[in-house]
Number of protein chains: 2
Amino acid sequence: MTRASSRRPGPPTRTERGIPEATVARLPVYLRALTALSDSGIATASSEDLATAAGVNSAKLRKDLSYLGSYGTRGVGYDVEYLRYQIAREIGVTQDWAVVIVGIGNLGHALANYSGFGTRGFRIVALLDADPTLVGERIGDMEVRDFAQLEEIVEADRVSIGVITTPAGPAQEVCDRLVAAGVTSILNFAPVVLSVPDGVDIRKVDLSIELQILAYHEQRKSGEAALPQVPELPAMNGLTDLPSVGGGVGA
Amino acid sequence: MTRASSRRPGPPTRTERGIPEATVARLPVYLRALTALSDSGIATASSEDLATAAGVNSAKLRKDLSYLGSYGTRGVGYDVEYLRYQIAREIGVTQDWAVVIVGIGNLGHALANYSGFGTRGFRIVALLDADPTLVGERIGDMEVRDFAQLEEIVEADRVSIGVITTPAGPAQEVCDRLVAAGVTSILNFAPVVLSVPDGVDIRKVDLSIELQILAYHEQRKSGEAALPQVPELPAMNGLTDLPSVGGGVGA
DNA sequence: CCGATTTTGTTCTCACGTTCACAAGCTCCT
DNA sequence: AGGAGCTTGTGAACGTGAGAACAAAATCGG
């Protein structure tokens, strides 16, 4: 989702090294499942085994894997180590990606301490904040640096991924600075919609949105009997004004 | 997504008060955009305005809103306050939902401090942890309580939403306890696939998966010229054994 | 060496989600 | 009052994703 890169308008662009976005989003889950199996000393797994570990159904898993190539053996299954490496390579976590975290509040703090940042593949090279009272503070084995140093850090460490953990207010400005400095992937925790130019990928993590989605379903569960079909009508009471009823013009 | 509730196999279940899941996931974004417009003193907004503020296109926004009812006025647009209330009611955030957070590590700490938990609608009633050295610690105006008290808290405060911020290890057990205690919606930050019975909704927030998805796209950006079409073949070097190439049977 | 068994890779079909395009409906101006 | 100009709500076309089902390929036992 939120892929903002170039999109040539020409032909359907078939099999142009194109893995469906839905599949891409599941590959990390498969990777984690494979790592768990590997740690348990399991050398081979069927699509059924893997699917169970990853929480999907086996047909979907096989189809997903088929986009990467034919890495299984019919009648046997998949070699865990081999498949794990193939997926890791496909995702790109066989190399290390340099990451900066901007905004060292509660959440930035927590992420900075997040040991084993996923399962390798990512290296936090700087914690940045514009607040002078925070600059210099030590977190783990890192020190908070001034946001003004962003550009030189990005250049020096070839940073391609930025994590925004600022409040909503400064988030867009931080985002613009990151992009201008050369960052081309952004993970945004601030509760705002950020706009970025084409070629920059942005993903959002939003606690309150997740909670609200849960609340919607929760309401439907508990209310299924209580308020079965009283959706829109009675809610207009107590509201000061309505769209087209406004000044009572015309009629 | 990850809706785990009952699904009757019968007819297509058309218009059974059914808002598409993709739309549900966007309603909170619209709600936030409307709140921002409202705070700016804007009373009326067209679908184009709203769509821009929410980061979607206007056709999609109109279609999404049409599932809720006809709340706009042709030729004019939407009344910001009115629409905001309608969406809030549809989502269910006009009432307050009681939430418990389990696992007061770095992340749990950060979430506990997260002021204005979204935009109202949610109330943290307890912070729980099984670690005796944490129990009793004050965070903001709350005190960490023993996980053993889960059941009585859930019952006393009618808790329907649980947030899991434990490490991966205990997450499934915590999840089971939550479900057994009566929690029917779970937001999981632990990097594991949790299994829950039907009727319980679960959503996942996973930092390392998000980063990996970004890495995939990042790799495709930088590698588009460097390694254009060398996907699977050369990677087999250095691997001890391969699934079907193994003993060289057959041929 | 052959047939039974297992499990992958793929094809086909259906459901879901997105976008386009336009009729319906409202306001405002003359 | 009547027509011009907007903007919504929706029907229809299109694209993407999910799941069932099956043919192809590999192992294993006799």
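This report walks through a predicted model of two protein chains and two DNA strands, from confidence to chain contacts, DNA surfaces and sheets.

**Ground rules and confidence**

Residues are numbered from 1 along each chain as its sequence is written, and chains are lettered from A, with ligands numbered from 1, in the order in which they are written. Because this is a predicted model, local features need pLDDT of at least 70 and side-chain atom pairs count only at pLDDT 80 or more, whereas totals for chains, interfaces and linings use all residues.

Let's start with pLDDT, the predictor's confidence in each residue, from 0 to 100. Chain A averages 85, and 80% of the residues score at least 70. Two stretches of chain A deserve some care. Over residues 1-15 of chain A the pLDDT is below 50, and beyond near neighbours in sequence this stretch has 19 contacts in the model. A contact here means two residues whose C-beta atoms, placed from the backbone, lie within 7 Å. Residues 225-251 of chain A also stay under 50, and for them the model has 19 contacts beyond four places in sequence.

**How the two chains meet**

In the model, 65 residues of chain B are in contact with 63 residues of chain A. Several elements of chain B each supply at least two residues of the side that touches chain A, among them α1 (21-39), α4 (80-91), α5 (106-113) and α8 (207-226). Helices (H or I, at least four residues) and strands (E, at least two) are DSSP runs, numbered from the N terminus. The most comes from α8(B), with 14 residues. By character, this side of chain B divides into 35 nonpolar, 20 polar and 10 charged residues. For that split, Ala, Val, Leu, Ile, Met, Phe, Trp, Tyr, Cys and Pro count as nonpolar, Asp, Glu, Lys and Arg as charged, and the others, Gly among them, as polar.

A rotation of 180° with 0.0 Å of shift along its axis superposes chain B on chain A, at an RMSD of 0.0 Å. The two copies are thus related as by a two-fold rotation axis. The superposition is by least squares on the C-alpha atoms of residues with pLDDT of at least 70 in both. Since 97% of the interface residues of chain B are also interface residues in chain A, the copies meet through the same surface.

**Around the DNA**

A residue is near a strand of DNA if its C-beta atom, placed from the backbone, lies within 6 Å of it. The table sets out the two surfaces.

| DNA strand | Residues around it | Closest residues | Citation |
|---|---|---|---|
| C | 30 residues | A:Ser47, A:Gly72, A:Gly75, B:Pro20, B:Gly75 | strand C |
| D | 30 residues | A:Pro20, A:Gly75, B:Ser47, B:Gly72, B:Gly75 | strand D |

Both chains contribute to each surface. Near DNA strand C, α2 (47-54), α3 (58-66) and β3 (77-79) of chain A, together with α1 and α3 (58-66) of chain B, each supply at least two residues. There α3(A) gives the most, with five residues. Near DNA strand D, α1 (21-39) and α3 of chain A join α2 (47-54), α3 and β3 of chain B, each supplying at least two residues. The largest share, five residues, comes from α3(B). The surface near DNA strand C divides into 10 nonpolar, 12 polar and eight charged residues, and the surface near DNA strand D into 10 nonpolar, 12 polar and eight charged.

**Sheets and hairpin**

Strands of a sheet pair through backbone hydrogen bonds, either parallel or antiparallel. Two strands count as paired here if DSSP finds at least two bridges between them.

In chain A, three strands form an open sheet in the order β1-β3-β2, with antiparallel pairing. Its edge strands are β1 (44-45) and β2 (72-73), each pairing on one side only. Two bridges join β2(A) to β3(A), and A:Thr73 stands opposite A:Gly77 in β3(A). Helix α4 (residues 80-91) of chain A packs on this sheet, touching β1 and β3, and its direction makes about 75° with that of β3(A). Such axes are lines fitted to C-alpha atoms, for helices over the stretch in contact, and angles run from 0 to 180 degrees between N-to-C directions.

Chain B also has an open sheet in the order β1-β3-β2, with antiparallel pairing. There, B:Thr73 has B:Gly77 of β3(B) as its bridge partner.

Further along chain A, strand β5 (residues 122-129) runs parallel to strand β7 (residues 142-146), joined by three bridges. Within that pairing, A:Asp129 is partnered with A:Asp146. Strand β6 (residues 138-139) of chain A pairs with β7(A) in the antiparallel sense over two bridges. The hairpin of β6(A) and β7(A) has two residues between the strands, and A:Gly140 takes a positive phi near 60°.
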